[in-house]
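Good morning, colleagues. Please turn to the sequence and the structure that I am about to show.

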Amino acid sequence: AASTPPTEAAKPLSVIDGVQYCAYAGDADLPAVRELIDNDLSEPYSVYTYRYFLHTWGELCVLARDGERVVGAIVCKLETHRCTHLLRGYIAMLAVANSHRGRGIGTRLVVLAIARMRARGCEEVTLETEVTNKAALSLYLRLGFRRAKHLRAYYLNGRSAWRLKLWLA
């Protein structure tokens, strides 16, 4: 069962430079999202990880399509933080196809996802990114995220990460 109604998912959120931004449409989109992210991120994710995020918070996943091809995806969640009790958004995955990098697609995906989280009452957004991922760090810092914590040997490949945070409230 799709977590986003087909009518909402089929309607583009925006179209910029020929790239259509739309909500995740359910299981039909899962193979394309998995392929894009598996090719781009250093962490291997099982199908269960994707299903956890996409079945529970599919409305927070935004795709970028060039024609029928998915060229960008952001996967997020939104929960009440157990300690602060703030409604916290979390960007779990962001990927843009190599062929479409440098066109602002990643920035637009993040901005659209944050807007969707904010519309649901989100007060802060967090994520982790490798300390060596200069492009991702630049994108997030440009959007107002701040380094909150250095996580040593965070990833399975042994690399460290930055936990980044954006306060919305």
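**Thr 126 and the strands 3 to 5**

I begin with one residue of this predicted model. Thr 126 has a relative accessible area of 3%, and because the limit for a buried residue is under 20%, Thr 126 counts as buried. In the sequence, Thr 126 belongs to strand 6, which covers residues 124–130.

Which residues are in contact with Thr 126, once its neighbours within four places in sequence are left aside? They are Arg 88, Gly 89, Tyr 90 and Ile 91, together with Leu 164 and Lys 165.

Strand 5 spans residues 87–96 and pairs with strand 4 in the antiparallel sense, over nine bridges. One of the bridge partnerships joins Thr 80 to Leu 87, the latter lying in strand 5. The two strands make a hairpin with six residues between them, and here His 85 adopts a positive phi near 65°.

Let me now turn to strand 4 itself. Is strand 4 mostly covered or mostly uncovered? Strand 4, residues 69–80, is mostly covered, with nine of its twelve residues buried.

Strand 4 also pairs with strand 3, residues 62–66; this pairing is antiparallel and has five bridges. Within it, Gly 72 of strand 4 stands opposite Ala 64. Strands 3 and 4 likewise form a hairpin, with two residues between them. In that turn, Gly 67 has a positive phi of about 70°.

To summarise, strand 4 pairs in the antiparallel sense with strand 3 and with strand 5, while Thr 126 is buried in strand 6. Thank you for your attention.

Conventions
Residues are numbered from 1 along each chain as its sequence is written. This is a predicted model: local features need pLDDT of at least 70, side-chain atom pairs count only at pLDDT 80 or more; totals for chains, interfaces and linings use all residues. Side-chain values use heavy atoms; hydrogens and water are left out. Buried means under 20% relative accessible area, exposed over 50%, partly exposed in between (1.4 Å probe, protein chains only). Helices (H or I, at least four residues) and strands (E, at least two) are DSSP runs, numbered from the N terminus. Two strands pair if DSSP finds at least two bridges between them. Contact means heavy atoms within 4.5 Å.
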